[in-house]
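Hello,

Here is the structure I promised to send over. Have a look at it first, and then read on for what turned up.

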Amino acid sequence: MSMALASESPPSAPDAPRLIHSNASVFIVIEGIEGSGKSTLIAALAHALRGDGHDVLMTREPGGTPLGDAVREIFLDRALPIAPMTEALLVNAARAQHVSDVIRPALAVGRLVICDRFTDSTLAYQGYGRGLELEPLRAVCKIAVGDVEPNLTLLLDTPVSVARDRLRTRGVATDRIEREDDAFHERVRRGFLELAESSPRHRAIDGRLSEKQIFDESLNAVRAAVGARVS
Ligand code: T5A
């Protein structure tokens, strides 16, 4: 990930003074294959939404907590062989902590949470990519997140070749998942698309568009989701 999405500290207690102009408690997730442009979009969205007066929390998976960051190190370590189900359980252990310590408390005090990856990533990577059955994976994710669900999931649908070129240009060493072959990443991309097509709370955006076009389309979708929460 190009931008270190700062895992902010867990939000302060509900009775602490906060600069909240909107208490919509909105949970936005950004999904897509590696290099699809998620971190770029999230930084721009957070800036614009803060301008709208929202108290925005940016976070990511795996990560978002000290435990999550430790799991992330293991998860992406090229030197470690990790079985597909172990991947699913590791990322969901981190997710359970993330939801409990960061996401749920932030939503409870009316923050707008933008998360780089969530449960769809498990279904796309460990399900469609690694070949694990989707229903058990959904059950594991459900145990990790309980009743916390995104209000909106934006999928940046970017062709594998385009995303790979972007990552090559960026020049950062590939991690354990990025180094998988194109066929794996094609399955992951198809998985994300199937998940997006099967749910009204998803919006797929063409990741080949310019950063500005993606940002404009995404901001409109987020503002609509916020409007639906507060109306
Ligand atoms: N994982 C994660 C699982 O297997 N299961 C799970 O359940 C979960 C949660 C996490 C890894 O973990 C796996 C999936 C991943 O392999 P990560 O580092 O969080 O890895 O995620 P990455 O997707 O690898 O993050 P990246 O930074 O590599 O990709 P981004 O954030 O999608 O892309 P971004 O914004 O950094 O952009 C990449 C480059 O493209 C340019 C940017 O400037 C940057 O140089 N760019 C554009 N160029 C042209 N047009 C645009 N519209 C552009 N947008 C960005």
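Helix 4 contributes the most to the shell around the ligand, giving 4 residues. Please keep in mind that this is a predicted model. Other elements join in too: helix 1 (38-51), helix 2, helix 3 (84-108), helix 6 (160-170) and helix 8 (211-230) are among those that each supply at least two residues of that shell.

**Around the ligand**

Altogether there are 31 residues around the ligand, and Glu34, Ser39, Thr40, Arg117 and Thr122 come nearest. Sorted by class, the shell holds 11 nonpolar, 10 polar and 10 charged residues.

Here are three polar contacts you may like to look up on screen. In the side chain of threonine 40, an N or O atom is 2.6 Å from an oxygen atom of the ligand. Glutamate 178 places a polar side-chain atom 3.1 Å from an oxygen atom of the ligand. With glutamate 211 the backbone takes part: one of its N or O atoms lies 3.5 Å from a nitrogen atom of the ligand. As for cover, the ligand taken alone exposes 1,000 Å², and the protein buries 89% of that.

Arginine 117 deserves a second look, since it is one of the residues that come nearest the ligand. You will find arginine 117 in the loop between strand 3 (112-116) and helix 4. Its phi is near 80 degrees, a positive value in a residue other than glycine. Is arginine 117 buried or exposed? Its relative accessible area is 12%, which is under the 20% cut-off, so arginine 117 counts as buried.

**The second largest pocket**

Next comes a pocket, the second largest, with a volume of about 360 Å³. Its lining is made up of 19 residues, and those nearest its centre are Thr119, Asp120, Leu123, Arg138 and Arg201. Helix 4 (119-129), helix 5 (134-145) and helix 7 (182-197) are the elements that give two or more residues to this lining. So helix 4 turns up twice in this email, because it also gives the most to the shell around the ligand and is listed among the elements lining this pocket. By class, the pocket lining has 8 nonpolar, 5 polar and 6 charged residues.Alanine 139 is found in helix 5. At a relative accessible area of 40%, alanine 139 is partly exposed. From alanine 139 to leucine 219 is 31 Å, C-alpha to C-alpha, and the two are 80 residues apart in sequence.

**Other places to look**

There is a cis peptide bond between glutamate 61 and proline 62, with omega at about -10 degrees. Proline 62 sits in the loop between strand 2 (56-60) and helix 2 (66-76).

Helix 2 is also the place of valine 71. Valine 71 has a relative accessibility of 10% and counts as buried. Its C-alpha atom is separated by 9.9 Å from that of asparagine 92, which is 21 residues apart from valine 71 along the chain.

Which residue does the side chain of aspartate 157 meet in a polar contact? The partner is the side chain of arginine 189, at 2.7 Å. Aspartate 157 belongs to strand 4 (residues 152-157), and with 14% relative accessibility it counts as buried.

Last on my list is histidine 54, in the loop between helix 1 and strand 2. Histidine 54 is buried, its relative accessible area being 12%. The C-alpha atoms of histidine 54 and valine 172 are separated by 33 Å, with their positions 118 residues apart along the chain.

Happy browsing, and best wishes.

Terms used. Residues are numbered from 1 along each chain as its sequence is written. This is a predicted model: local features need pLDDT of at least 70, side-chain atom pairs count only at pLDDT 80 or more; totals for chains, interfaces and linings use all residues. Side-chain values use heavy atoms; hydrogens and water are left out. On a 1 Å grid over the protein atoms alone, a cavity is a set of points where a 1.4 Å probe fits but cannot get out, and a pocket is an open set with protein on both sides within 12 Å along at least five of seven lines; lining residues have an atom within 4 Å of a point. Grid points are joined across faces, edges and corners, and a volume is the space filled by probe spheres set on the points. Ala, Val, Leu, Ile, Met, Phe, Trp, Tyr, Cys and Pro count as nonpolar, Asp, Glu, Lys and Arg as charged, and the others, Gly among them, as polar. Buried means under 20% relative accessible area, exposed over 50%, partly exposed in between (1.4 Å probe, protein chains only). A residue is near a molecule or strand if one of its heavy atoms lies within 4 Å of it. A polar contact is a pair of N or O atoms within 3.5 Å; within protein, one must be able to donate a hydrogen and the other to accept it, and residues adjacent in sequence count only if both atoms are side-chain atoms. Accessible areas come from the Shrake-Rupley method with a 1.4 Å probe; for residues, only the protein chains shown count as cover.
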